[in-house]
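Reader: I have a model in front of me and some labels I want explained. Can you take me through them?

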Amino acid sequence: MPTRRHLVLEELVRTERDYVAGLSLVKKKSQIEFLFDELDLSDNCYIDKLKHEPEFPAEVMKQIFLLAACNQSLNLEDILNFHSKLLKHLEDADIMGTLGACEEVFLSHRDDFMIYTEFCNHHERGVSLLYELLSSQTAFALIKSCQLLSNSQLNLESYLLSVVQRICKYPLLMKELVKGTEPPYQSATQAALDISYNLNHHHIIIILVVVLLVLLVLLVLQLVTIIVITVYFQLEGFTNFFDTLS
């Protein structure tokens, strides 16, 4: 029977793999195919397709997908590249068979997790701009075509939100890992847990604001849709009523 630690590690690798595969649909496959030749990722993507469209000039792409301050690449691409390497290191480290291997991987990437700072600091502005663009039929059609080509049920907004959601996942997994780890390796597991908590401490307020903003926008869109439908049917009723009188 699998141990508690084994089950947590399985979930960690599985969700990490799903996270990388999801972000890969936003960026071109060729950037990480050298790491994951066995992954069946779509060549159709958002960044490489939208950047050639006049509705998505360079400045708009930078605001939606975030421009990293340290270089001129898009921050979302840097996050994808980091997690591609992190996943490969987790798989290569034999974390299932070697106690403490998972913790060593996370401790070795302690500073790399700060890559989320740039994304979280500007994520709210990027999401707001994205919703503004979705009000344009042309921009909406282009974004929707990317989703259809990716054969994914998730839209671009969901992928961008998954980045901040992933940050919240690590403390939960590491906390369970601590419970399933026996001394003397428990101290290393606690150190890995501290990394995830420190990451969330820097960004938890931003994450909550972003999530609430997205939920508020979705609620407003639903209310507007209901109002439009209601008004439409009321007008149809009045039209039919007057037609009957005439």
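**Labels and the values behind them**

Author: Along the sequence, the pattern reads α-α-α-α-α-α-α-α-α. Keep in mind that this is a predicted model. The protein has nine helices and zero strands.

Reader: What makes α3 oblique to α6?

Author: Start with the geometry. Helix α3 (residues 58-65) and helix α6 (residues 116-134) have axes that cross at roughly 125° and come within 7 Å. Angles of 65 to 115 degrees count as roughly perpendicular, and those over 145 as roughly antiparallel. The crossing at roughly 125° fits neither class, so α3 is oblique to α6.

Reader: Which residues meet there, and how do they divide into nonpolar, polar and charged?

Author: From α3 come V60, Q63 and I64; from α6 come R125, G126, L129, L130 and L133. That contact has five nonpolar residues, two polar and one charged. Gly counts as polar here.

Reader: Why is α1 called oblique to α5?

Author: Helix α1 (residues 4-24) packs against α5 at about 40°, with the axes 11 Å apart. Roughly parallel needs an angle under 35 degrees, and roughly perpendicular starts at 65. An angle of about 40° meets neither condition, so α1 is oblique to α5.

Reader: What does each helix bring to that contact?

Author: R5, L9 and L12 in α1 meet C102, E103 and F106 in α5. The division is four nonpolar, no polar and two charged.

Reader: How do you know that F106 and Y170 form an aromatic pair, and what makes the pair edge-to-face?

Author: Two checks. Ring centres must lie within 6.5 Å, and those of F106 and Y170 are 5.7 Å apart. Edge-to-face needs planes over 60 degrees apart, and here the angle is 70°. Both conditions are met, so the label holds.

Reader: What does the pair tie together?

Author: F106 lies in helix α5 (residues 101-108) and Y170 in helix α8 (residues 156-179), so the pair links parts 64 residues apart in sequence. F106 and Y170 are both buried. They also belong to one aromatic cluster with F82 and F113. The structure holds five aromatic pairs.

Reader: What makes R166 sit over the ring of Y170?

Author: The charged end of R166 is 4.6 Å from the centre of that ring. The distance limit is 6 Å, so R166 passes on distance. The label also requires a position within 35 degrees of the ring normal.

Reader: And across the protein, how many residues are buried, as a percentage?

Author: Of the 246 residues, 42% are buried. Among contacts between residues at least 6 apart in sequence, 71% join residues at least 24 apart.

Definitions and conventions: Residues are numbered from 1 along each chain as its sequence is written. This is a predicted model: local features need pLDDT of at least 70, side-chain atom pairs count only at pLDDT 80 or more; totals for chains, interfaces and linings use all residues. Side-chain values use heavy atoms; hydrogens and water are left out. Axes are lines fitted to C-alpha atoms, for helices over the stretch in contact, and angles run from 0 to 180 degrees between N-to-C directions. Helices (H or I, at least four residues) and strands (E, at least two) are DSSP runs, numbered from the N terminus. Contact means heavy atoms within 4.5 Å. Rings of Phe, Tyr and Trp (its six-membered ring) pair if their centres lie within 6.5 Å; planes under 30 degrees apart count as stacked, over 60 as edge-to-face and the rest as tilted. Buried means under 20% relative accessible area, exposed over 50%, partly exposed in between (1.4 Å probe, protein chains only).
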